[in-house]
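Biologist: I'm new to this one. Could you walk me through how to read it, feature by feature?

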Amino acid sequence: MDAANYLYLSALLFTIGAVGVVVRRNAIVVFMCIELMLNAANLAFVTFSRINGDLNGQVVAFFTMVVAACEVVVGLAIIVTIYRSRRSASVDDASLLKR
Amino acid sequence: MTTSNSLVYLIALPLLGATILLLAGRRADKWGHLLGTLMSASSFGVGLYQLSQMLSRSNEARPVTQKLFEWISVGTFNVDAGLLLDQLSICFVLLITGVGTLIHIYSISYMSHDHDRRRFFAYLNLFIAAMLLLVLGNSYLNLYVGWEGVGLASYLLIGFWNQKPAYATASKKAFVMNRIGDMGLSFAIMIAFATIGTVSFEGIKEHAHHTSTGALTAIGIMLLVAATGKSAQFPLQAWLGDAMAGPTPVSALIHAATMVTAGVYLITRSNFIFDAAPTAQLLVVIVGAITLLFGALIGTAKDDIKKALAASTMSQIGYMILGAGLGPVGYAFAIMHLLTHGFFKAGMFLGAGSVMHGMNDEVNMRKYGALRKFMPITFVTFGLGYLAILGVPPFAGFYSKDMIIETAFNSGGTKGIILGVVTLLGAGITAFYMTRVMILTFTGKSRWDAEAHPHESPILMWLPMAILAVGSVSSGFLLSRGDALVNWLAPLFEHHGEHEELLAPIVVSGLALAMVAIGVAVAFLKYSRQEVAAVAPENVSVFTKIARQDLMQDSFNEAVFMRPGQLLTSALVKTDEHVIDGAVRGVAQLALGSGSVLRGVQSGFVRSYAALILIGAALLIAAIWVVI
Amino acid sequence: MVDLAISVGTTQNPEAILFWVLAPLTVAAALGMLLVKKAVHSAILMASVMINLAIFYIAQDALFLGIVQIVVYTGAVMMLFLFILMLVGVDSSDSLTETITGLRPIAIVASVGFGGLLISLIGRATLGRSAVGLSEANMNGNVKGLASLLFSTYVWPFEVVSALLITAALGAMVLAHHQRIQTRPTQREMSTARFRGESLANAAGLPGPGVYARHNAVDVPALLPDGTPAANSINATLKARGDMLTSGSFELGKVDTSAEEEK
């Protein structure tokens, strides 16, 4: 089996995540799509690690996970804060910057 | 060449006076005029001391220099702020400080009723300092500082009574026309720097021999432009008549004796340039010839006593410029005429001031008449000046003006004959209009206004007049006795072979005296035998009308320079508004338009931004796809 | 040049089966995430994607990461997501109609372009040397191998990332913290307010929501004795979120008042 298949899968998942960020309005779903993109990148890193025969790729994936965790924590806190004041989790409602 | 440390006091003393008087303000009102006079007189004292020192040295050692400080030092271009006192400058120094001091004394009384007398003296001191810097500078750049300084002082003094709009305008006019000349001087300095690489008199004199004639001609023409501006020569002569708006002592000092002769000084000082540039020299002669007739013709029609004298000044400076343009033989006579003219014209201006003082500041000669009995001293001093300017022997003008006429005749060829005729004609017209001034002012019946109470002026006023009258009588004789001035100045100028004499001196003198006699006779017939109207008659010939209009000089300037200038400025304003502002607004419109187009992208929706990022990422990958 | 697409590893055929079974499921789950209306369904699908990815990690000799993926992502992060979903309304479903004109076609075109280019780029890409498996690197075990890297080469980034994690935790607390602008009323004060209020109607406390055994009824208003719903029996948050049900189906029929009238 080609290890490259994992890379194709990774690219596909990443693209799906990107589309999700653009088309979904619910901030939580948007966040999940971002997580999907990060995970797709992680998959690519793990595959590269396997292809190259050293563990550096896995270390980077590990760091990505930690950073993703941080991002989720802060991002969800922001969503909660916005929800508290606007009673909505739609990213379209938070569009005050245009005026 | 000798060095000295005391030259700077010549300038520093009056400058100190001006500074104190200007900074002290009203506190100095009580003693300001005394301080100003003292400073001028002490400067005169320093001048006399320098003269005595100079006399005790040999010809070669007479020029004195003093380096004040290093002014500009850029690469190979070095200009020191330095002073040079040589045989030529000392003449000017003594004239400026001597006549200046007399006029200071005169002004104490003349301006005694003026609220701002202290300021007047401050400006006078400033003028003396600037004029001394002009004649003492050892390079064109130093001269230029003084040149601008006297322009400033002249502007301030012409507009001294600037509460009258006409006077303020007159000062502005003088300033603007002087600026044109100043541009000439600055151009001359720039050309000298560009072609010769130095701006000092000494340096240029050294390099003049191996500099191209074209460059020297250009410098000479630019210097001539400068001289026409400052000395009110054709075609920049129009400001002098209006400059009579200033107080009469100013007219006497600045616009008769000293500042207006700066052009003559400049040309004489630049003799090494003009001697090597015959074209420029010819132009100098032409300008002088035109102006001497121009001024004389204006003088015949003026009823304003000061303006008649101003026209006469213009004409007499025309003589000097002409003399200076005749080359080495003429320089000394130009300077001699300048000195004698400084005496008699300043004396006559002070006389005019004295008359005005007695006649409630009336300047119209048609409202004078019969003042001889009421102002005997003024009449006598003015009369002596009158005889001097006419060139009646043995008065001063006879020696100086006749020498110029004679030199003109002897300058050779057709040019000599034309110049000789012009100068003779000028002498005749001068005799006519000066006699007219004398007759209208001092003789005949009184045509005074009802409230006029003519009286003789106080001693502080007539004493300077008397001293100047003595000068008018004796200066010519003293200066030409044994060719004193010519020999004194001779080391400065290059000598050429003697010209052949077209006419013997005695013949020239005879011709000149004949012309003068004709002029005087015509004036007698016209103004003494006939009744003089108190109001200028209107039904006069078109020539008189033109002469009253200063030979259309203002109309000419207005039509040739002012109107096109206004058109140009309004065109430029339109260009500015439509083309330049249009371009600027167009850029703003472009920014605005593209902004409003691009604003659509900034929807504020984070998802549309995300879509843009996605597009960008796709393009980036496409780029990589293409590159790899 | 050796093609990147190269068979690696020892468990060739079983891995291929694993991949071809799980990869379509993963993609389907990821697509489903986009297409379902309810955020909570998206979260479930996301969790399944993550579990699949964990399996892929393990299949590729990344044992440690696979376990971490399940523990951290599927366990902690997804729980966090679900928790927040509960907080903002688990039942609320999104409308999938696009409100920004032209965004959807743009997104589809851009994503198809992006994905297509990326995949074709991977297809074209070549690696400078032959690919190797991880069997050598994992000789002492995957965890030991990772640990020796993390605590030697990557120790500085590791410490920095730990600082980032702590900062993020603090940041989340700061963001979520609600600054009181008034002192919290004590029970005594609230009690006093109830009795000193305009009416004594609520003196005994607000009515609880209707309780119906077959339903989590905190979202249904209680019925007053006359049969009308008591609006103030519902939590204000639920009301604001629009998760309130009508009590109509639980209401009594018309109240028979004839007995009283007979008196």
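## Where to trust the model

Modeller: Let's begin with confidence, since this is a predicted model. In chain C, residues 1-11 have pLDDT under 50, and the model gives that stretch 24 contacts beyond four places in sequence.

Biologist: What does chain C average in pLDDT?

Modeller: Chain C averages a pLDDT of 79, and 80% of its residues score at least 70. For the model, the scores are ipTM 0.91 and pTM 0.62.

Biologist: Next, the overall make-up. How many helices and strands does chain B have?

Modeller: Chain B has 24 helices and three strands. Of its 628 residues, 53% count as buried. You can also ask how far along the sequence the contacts reach. Taking contacts in chain B with a separation of 6 or more, 81% come from residues 24 or more positions apart.

Biologist: And how many helices and strands are there in chain A?

Modeller: Chain A has three helices and zero strands, so its elements, read from the N terminus, run α-α-α. Of the 99 residues of chain A, 62% count as buried. Among its contacts between residues at least 6 apart in sequence, 48% join residues at least 24 apart.

Biologist: Now the strands of chain B. In what order do they sit in the sheet?

Modeller: For a sheet, look at order, pairing and edges. Here three strands of chain B form an open sheet in the order 1-2-3, with mixed pairing. Strand 1 (2-3) and strand 3 (77-85) of chain B are the edge strands, each pairing on one side only.

Biologist: How many bridges join strand 1 to strand 2 of chain B?

Modeller: Two bridges join them, and the two strands run parallel. To find the spot, look for Thr2(B), which stands opposite Val64(B) in strand 2 of chain B.

Biologist: How do I check a helix? Let's take helix 17 of chain B.

Modeller: Compare its expected span with the distance between its ends. Helix 17 of chain B has 14 residues, so at 1.5 Å a residue it should span 20 Å. Its end C-alpha atoms are 20 Å apart, which agrees.

Biologist: How many residues of helix 17 of chain B are buried?

Modeller: 14 of the 14 are buried, so helix 17 of chain B is largely enclosed by the rest of the structure.

Biologist: What about the backbone oddities? Which residues does a cis peptide bond join in chain B?

Modeller: Check omega along the backbone. One cis bond joins Phe234(B) and Pro235(B), with omega about 5°. Pro235(B) sits in the loop between helix 8 (213-230) and helix 9 (239-242) of chain B. Another cis bond joins Pro393(B) and Pro394(B), again with omega about 5°. You'll find Pro394(B) in the loop between helix 16 (376-390) and helix 17 (396-409) of chain B.

Biologist: And phi? What is its value at Ala232(B)?

Modeller: Ala232(B) has a positive phi of about 55°, although it is not a glycine. Ala232(B) is in the loop between helix 8 and helix 9 of chain B. With 30 other C-beta atoms within 10 Å, Ala232(B) is buried.

Biologist: Is Asp61(C) buried or exposed?

Modeller: Asp61(C) is buried: 24 other C-beta atoms lie within 10 Å, and the cut-off for buried is 20 or more. Phi of Asp61(C) is near 65°, a positive value in a residue other than glycine. Asp61(C) lies in the loop between helix 2 and helix 3 of chain C.

Biologist: Which residues of chain C does UniProt list as "transmembrane region"?

Modeller: An unreviewed UniProt entry lists residues 17-36, 43-60, 66-90, 102-122 and 154-176 of chain C. You can then compare such a record with the model. Residues 102-122 of chain C are 95% helix and 0% strand, with end C-alpha atoms 30 Å apart. Residues 154-176 of chain C are 96% helix and 0% strand, and their end C-alpha atoms are 32 Å apart.

Biologist: Last one: how many residues of chain C are in contact with chain A?

Modeller: 72 residues of chain C are in contact with 61 residues of chain A. Helix 1 of chain C gives the most to the side of chain C that touches chain A, with 11 residues. By class, that side of chain C has 56 nonpolar, 11 polar and five charged residues.

Note on methods:
Residues are numbered from 1 along each chain as its sequence is written. Chains are lettered from A and ligands numbered from 1 in the order in which they are written. This is a predicted model: local features need pLDDT of at least 70, side-chain atom pairs count only at pLDDT 80 or more; totals for chains, interfaces and linings use all residues. UniProt positions are given in the numbering used here, feature names are shortened, and annotations may be inferred rather than shown by experiment. Helices (H or I, at least four residues) and strands (E, at least two) are DSSP runs, numbered from the N terminus. Two residues are in contact if their C-beta atoms, placed from the backbone, lie within 7 Å. Ala, Val, Leu, Ile, Met, Phe, Trp, Tyr, Cys and Pro count as nonpolar, Asp, Glu, Lys and Arg as charged, and the others, Gly among them, as polar. A residue is buried if 20 or more other C-beta atoms lie within 10 Å of its own, exposed if 12 or fewer, and partly exposed in between; C-beta atoms are placed from the backbone. The expected span of a helix is 1.5 Å times one less than its number of residues. pLDDT is the predictor's confidence in each residue, from 0 to 100. Two strands pair if DSSP finds at least two bridges between them.
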